[in-house]
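Here's a quick briefing to read alongside the model. Have the viewer open and follow along.

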Amino acid sequence: MAKTALITGILGQDGPYLAKLLLEKDYKVYGMIRRYTYPNFANLDYLGITDKIEMVEGDLADQASLYNLIKNIRPDEVYNLAAQSFVGSSFEQPIYTTEVNSLGVLYMLEAIRQHSPATRFYQASTSEMFGLSHTNYVQDENTPFHPRSPYAVSKVYAYWITVNYREAYGLFAVNGILFNHESPIRGIQFVTRKITDGVARIKLGLADEIRLGNLSAKRDWGFAGDFVKAMYLMLQQERPDDYVVGTGEAHSVEEFVRTAFEYVGIKDWKQYIKIDPRFMRPSEVPYLKANPSKAKKVLGWEPEVKFNDLVKMMVDADLARLKNKDRK
Ligand code: NDP
Ligand code: GDR
C-alpha cells in the first residue's frame, strides 16, 4: 500500500518541493489549503505537480478543521509547513502569528494524539529560534534559543510543544531546525528573491533600484529542493529526534546582492541599491550559520547546491519569467 502524507503549507515554497519528492516515492499526497476560492497554484504549477495532489481544506487557526482532516485521512505522515512565515510581518501581526505558528501546532498535535497516534509528525522549526545565540559563530542542536521576533518566539513554543508530545505521549514527532533555504519559487518578500527579481528587472531595463534594509546580516542560505530531503529522512528514522539542517556557510545580504549583479554582468551595482529604513527590523538577527553534522551523520543528508549556483538559479528563473512577461 502506498504511504499517505498530509502537507500543510502546500502552496508555499517548501510544500511543492516536498510534495514532488514524496510523489516520486509513490506517496499519496494530500495538500491542505485554506480555502477553495482563488487558491494560488503557481508554485505547484512551476514544478508541474498541481494535478497529482489531493487538495483538502483546513486552517491551522481552526481546530475543528484539523481534527476532521486527521480523523478522516489518518495519514502515515504529517509535514506541518504552514505558518505566518515572514519575520518582518510578525512585528506588525504578533498575535495572528502566534495563533497560527504556536496554537496551530498544538491543535495539530492534539488531533494526532486523539485520532491517529501512529501518524508521524514533522514540525518546520527554524534557525530564527537561535537569534542572538551561538557558540563560536555556529549553531547546532545544543545551542540555546534567544529568539528576536514574534515569529521566532512563536516557533520556540511550537518546537517545545512538539518535543513535549513526543516525551509525554510517545508520538513520533520531530523538529527540523532548518536554516534559510531559497529557490525560484521563494516568496517575493524574502530578501533573496527580492534581490534576484530586482536584479533581473534592472538587467532588462524594467526597474532602476532595489530598496533594502540591513545589508550586513549574514545567513546560511541553501536550496529548498535539497532541504526537503532532510524533512523526509527525519520521518523515516527508527526513533524521533530533532535535527539542524543548513549548509555550514554564511554569507551577507550584501554578498548576495553583489553575486547576483555580477552574474548578469553589472559591476557598478551600488548605484542601484537604496537603503530604506522600512525594511529594518526592530530587533535583528545578525548572524546565522549551521553546524549540520548530526544530520549528515545520522540522516546521511548533505546539501548539493552551493551558494553561487543558488544565486544563479534564482536570477536565471527571474530573467526567464520576466522575459515571458509573467511578472509575478
Ligand atoms: P511560505 O511562507 O512560502 O509558505 C507558508 C504556507 O503556509 C503558505 O502557503 C500559506 O498559505 C500557509 N499558511 C499560512 N497561514 C496558514 C494557516 N493559518 N492555515 C493554513 N495554512 C497557512 O513558507 P516556506 O515554504 O518558506 O516555509 C515552510 C515552513 O518552514 C514555514 O513554517 C516556515 O516558517 C518554516 N521555515 C522556513 C524556512 C525557509 O528558509 N524557507 C527556514 C526555516 C523554517 P497561503 O498560500 O494560503 O497564504
Ligand atoms: P529571514 O529571511 O528573516 O531570515 O526569515 P528574510 O529573507 O526576510 O531576511 C533575511 C535577512 O535579510 C535582511 N534584509 C531584508 N529582508 C527582507 N525581507 N527585505 C529586505 O528588504 C531586507 N533587507 C535586508 C533581514 O533583515 C534579515 O536579516 C526566513 C523565513 O523563511 C523564515 O520563515 C525562516 O524561519 C527563516 O528564514 C530561517
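## A buried acid without a partner

Aspartate 226 is buried but has no salt bridge, and the nearest side chain of opposite charge, lysine 229, sits 4.1 Å away. Keep in mind that this is a predicted model. A salt bridge here needs a side-chain nitrogen of Lys or Arg within 4 Å of a carboxyl oxygen of Asp or Glu, so at 4.1 Å the pair of aspartate 226 and lysine 229 doesn't make the list.

**Around aspartate 226**

- You'll find aspartate 226 in helix H8, which covers residues 224-234.
- What does its side chain reach? The side chain of aspartate 226 gets to the backbone nitrogen of valine 305, at 2.9 Å.
- Once neighbours within four places in sequence are set aside, the contacts of aspartate 226 are Trp301, Pro303, Glu304 and Val305.

**Where lysine 229 pairs up**

- Lysine 229 does have a salt bridge, with glutamate 304, at 4.0 Å from N to O.
- Glutamate 304 lies in the loop between helix H10 (293-299) and helix H11 (307-323), while lysine 229 is in helix H8, so this pair ties together parts 75 residues apart in sequence.
- Glutamate 304 is exposed, with a relative accessible area of 60%, whereas lysine 229 counts as partly exposed at 32%.
- Glutamate 304 turns up twice in this corner of the model: as a contact of aspartate 226 and as the salt-bridge partner of lysine 229.

**Other salt bridges**

- How many salt bridges does the structure hold? There are 17.
- One of them brings together the side chains of lysine 3 and glutamate 77, at 3.4 Å from N to O. That pair links distant parts of the chain, 74 residues apart: lysine 3 is in the segment before strand E1 (4-8), and glutamate 77 is in strand E4 (residues 77-80).
- Burial is uneven in that pair: lysine 3 is partly exposed, with a relative accessible area of 34%, but glutamate 77 is buried, at 1%.
- Lysine 20 also forms a salt bridge, with glutamate 24, and their closest N and O atoms are 3.5 Å apart. Both residues lie in helix H1 (residues 14-24), four residues apart, or about one turn of the helix.
- Lysine 20 is partly exposed, at 30% relative accessible area, and glutamate 24 is exposed, at 56%.
- Glutamate 304 is exposed, and beyond its bridge to lysine 229 there's also a network to look at: Glu209, Arg211, Asp276 and Arg278 are joined into one by salt bridges that share partners.

**Backbone oddities**

- Most residues other than glycine have a negative phi.
- Arginine 74 isn't a glycine, yet its phi is positive, at about 45 degrees. Arginine 74 sits in the loop between helix H3 (63-73) and E4, and counts as partly exposed, at 49% relative accessibility.
- Tyrosine 137 is another non-glycine residue with a positive phi, near 65 degrees. Look for tyrosine 137 in the loop between strand E5 (120-126) and helix H6 (150-169).

**Internal space**

- The structure holds one cavity of 30 Å³ or more, and the largest cavity contains about 30 Å³ of space.
- Which residues line the largest cavity? The lining is made up of Val87, Phe91, Glu128, Arg148, Ser149, Arg281, Ser283, Glu284 and Val285.

Note on methods. Residues are numbered from 1 along each chain as its sequence is written. Chains are lettered from A and ligands numbered from 1 in the order in which they are written. This is a predicted model: local features need pLDDT of at least 70, side-chain atom pairs count only at pLDDT 80 or more; totals for chains, interfaces and linings use all residues. Side-chain values use heavy atoms; hydrogens and water are left out. Helices (H or I, at least four residues) and strands (E, at least two) are DSSP runs, numbered from the N terminus. Buried means under 20% relative accessible area, exposed over 50%, partly exposed in between (1.4 Å probe, protein chains only). Lys and Arg count as positive and Asp and Glu as negative; His and the chain ends are not counted. A polar contact is a pair of N or O atoms within 3.5 Å; within protein, one must be able to donate a hydrogen and the other to accept it, and residues adjacent in sequence count only if both atoms are side-chain atoms. Contact means heavy atoms within 4.5 Å. On a 1 Å grid over the protein atoms alone, a cavity is a set of points where a 1.4 Å probe fits but cannot get out, and a pocket is an open set with protein on both sides within 12 Å along at least five of seven lines; lining residues have an atom within 4 Å of a point. Grid points are joined across faces, edges and corners, and a volume is the space filled by probe spheres set on the points.
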